[in-house]
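User: I've got a model open and a pile of labels attached to it. Could you walk me through what earns each label?

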Amino acid sequence: CYRGEDGRLRLFRPSLNAARMLMSTLRISLPAFPPAELEKLLHALLAVDGPKWLPRDRPGSFLYIRPTMIGTQSQLGVQAPSEAMLYIIVSFMPRMDSPPGGMRLHTSPEDQVRAWVGGFGYAKVGANYGPSLAATVEARKRGFGQILWLYGEDQLCTEAGASNFFVAWKSKQDPSKIELVTAPLDDRLILDGVNRRSVVALARERLAGQVDVVERKYSIDEVIEADAEGRLLESFATGTA
């Protein structure tokens, strides 16, 4: 939740976030729910907490909204829950700026993966995050901000920390063309971030003829090669909200 330039409070694409939460809950066998009802809850909650935490004299701040669902049936066992609780956590977040010089990424350890084909890397569930924290802690001890997660023998670029990852480079075939490249969704290895979807759509709409948006598998070797050849322009991550 944030205030627009006109001072009005807004939610960031709540219908897409609600639909993705339903997909994620079904992936781990939690009960289904109507996404439209979750949107109603969000609007009711933010009608109260939005003005309280985001006054007009506090520009740049926002509320991070985390709808959560947990199984609550009383019986223990390895089985799909028949009952669950859906609740919403709202956290006040101050203005977040990139660190000076940008974020430094460390490639993932060779003996660890964040997600795998056939798993649940595409679902927004806690099990995607906890196992990755040890590598992140170690990277930060070495002066890096996050992990660039690589996958498979080809060392494919997937996500940066808990964020979708993009690179912008001059095309190898035609250096006069600029490509914005990000990993694809078809193998369900990465999360279909709403920010990612927004960047892809905006780039295709507003940068048509200037930048080619490419969703494909690409390796860290391609990134290193583009940098060595002077074709790498920038890289960035988008939070998976």
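Analyst: Sure, we'll go from the whole chain down to single residues, and keep in mind that this is a predicted model.

User: What makes the radius of gyration agree with a compact globule?

Analyst: With 241 residues, a compact globule would come out near 18 Å, and the chain has 20 Å, so the two agree. For the outline, the C-alpha trace spans about 55 × 50 × 35 Å along its principal axes.

User: How much of the chain counts as buried, and what is the surface made of?

Analyst: Buried here needs a relative accessible area under 20%. Of the 241 residues, 36% are buried. The exposed area is about 14100 Å², with carbon and sulfur atoms supplying 54% of it.

User: What do the contacts say about sequence range?

Analyst: Take the contacts between residues at least 6 apart in sequence: 66% of them join residues at least 24 apart. In secondary structure terms, the chain has five helices and eleven strands.

User: Which domains does the chain have, and how are they placed?

Analyst: The domain assignment gives domain 1 (2-92) and domain 2 (105-238). Their centres, taken over C-alpha atoms, are 26 Å apart. Ten residues from domain 1 and 14 residues from domain 2 take part in the contact.

User: What makes a group of residues a nonpolar core, and which ones belong to the largest?

Analyst: The members must be buried residues of the nonpolar kinds, joined through side-chain atoms within 4.5 Å. The largest such core has 14 residues, and Cys1, Leu11, Phe33, Leu38, Leu46 and Ile65 touch the most other members. Helix H1 (14-27), helix H2 (35-53) and strand E3 (62-71) each give two or more residues to this core. There is also a second, separate core of 13 residues, including Ala160, Val181, Tyr218 and Ala226.

User: Where does leucine 11 sit, and what does it touch?

Analyst: Leucine 11 is in the loop between strand E2 (9-10) and H1. Setting aside residues up to four places away in sequence, leucine 11 touches Cys1, Tyr2, Leu42, His43, Leu46 and Ile65. Touching means heavy atoms within 4.5 Å. As a longer-range reference point, leucine 11 and alanine 201 are 190 residues apart in sequence and 18 Å apart in space, C-alpha to C-alpha.

User: Why is strand E8 described as mostly covered?

Analyst: E8 covers residues 163-170, and seven of its eight residues are buried. Each of those seven falls under the 20% cut-off, so "mostly covered" is a fair description.

User: How do you know which strands E8 pairs with?

Analyst: Pairing takes at least two bridges. E8 and strand E11 (residues 232-239) have seven bridges, in the antiparallel sense. Strand E9 (residues 178-182) is joined to E8 by five, also antiparallel. Strand E7 (residues 156-160) has two bridges to E8, again antiparallel, so that pair meets the requirement of at least two.

User: Which residues face each other across those pairings?

Analyst: Glutamate 159 stands opposite asparagine 164 in E8. Alanine 168 has glutamate 234 as its bridge partner in E11, and leucine 180 as its bridge partner in E9. The hairpin of E7 and E8 has two residues between the strands, and glycine 161 takes a positive phi near 65 degrees there.

User: Which residues have a positive phi although they are not glycines?

Analyst: Arginine 13, at about 45 degrees, is one of them, and glutamine 155, at about 55 degrees, is another. Arginine 13 lies in the loop between E2 and H1, while glutamine 155 is in the loop between strand E6 (146-151) and E7.

User: Why are arginine 13 and glutamine 155 called partly exposed?

Analyst: Partly exposed is the range between the 20% and 50% cut-offs. Arginine 13 has a relative accessible area of 36%, so it falls in that range. Glutamine 155 is at 31%, so it gets the label too.

User: And why is serine 219 called buried?

Analyst: Its relative accessible area is 9%, which is under 20%, so serine 219 is buried. Serine 219 is in the loop between strand E10 (211-215) and helix H5 (220-228). Not counting residues up to four places away in sequence, serine 219 touches Asp154, Gln155, Leu156 and Cys157.

Methods. Residues numbered from 1 in each chain as written. Predicted model: local features only at pLDDT ≥ 70, side-chain atom pairs only at ≥ 80, totals over all residues. Heavy atoms only, no water. Buried < 20%, exposed > 50% of the residue type's maximum accessible area, 1.4 Å probe, protein only. Helix = DSSP H or I, 4+ residues; strand = E, 2+ residues; numbered from the N terminus. Rg over C-alpha atoms; globule rule 2.2 N^0.38 Å. Areas by Shrake-Rupley, 256 points an atom, 1.4 Å probe, with all protein chains shown as cover. Domains from an automatic or database assignment.
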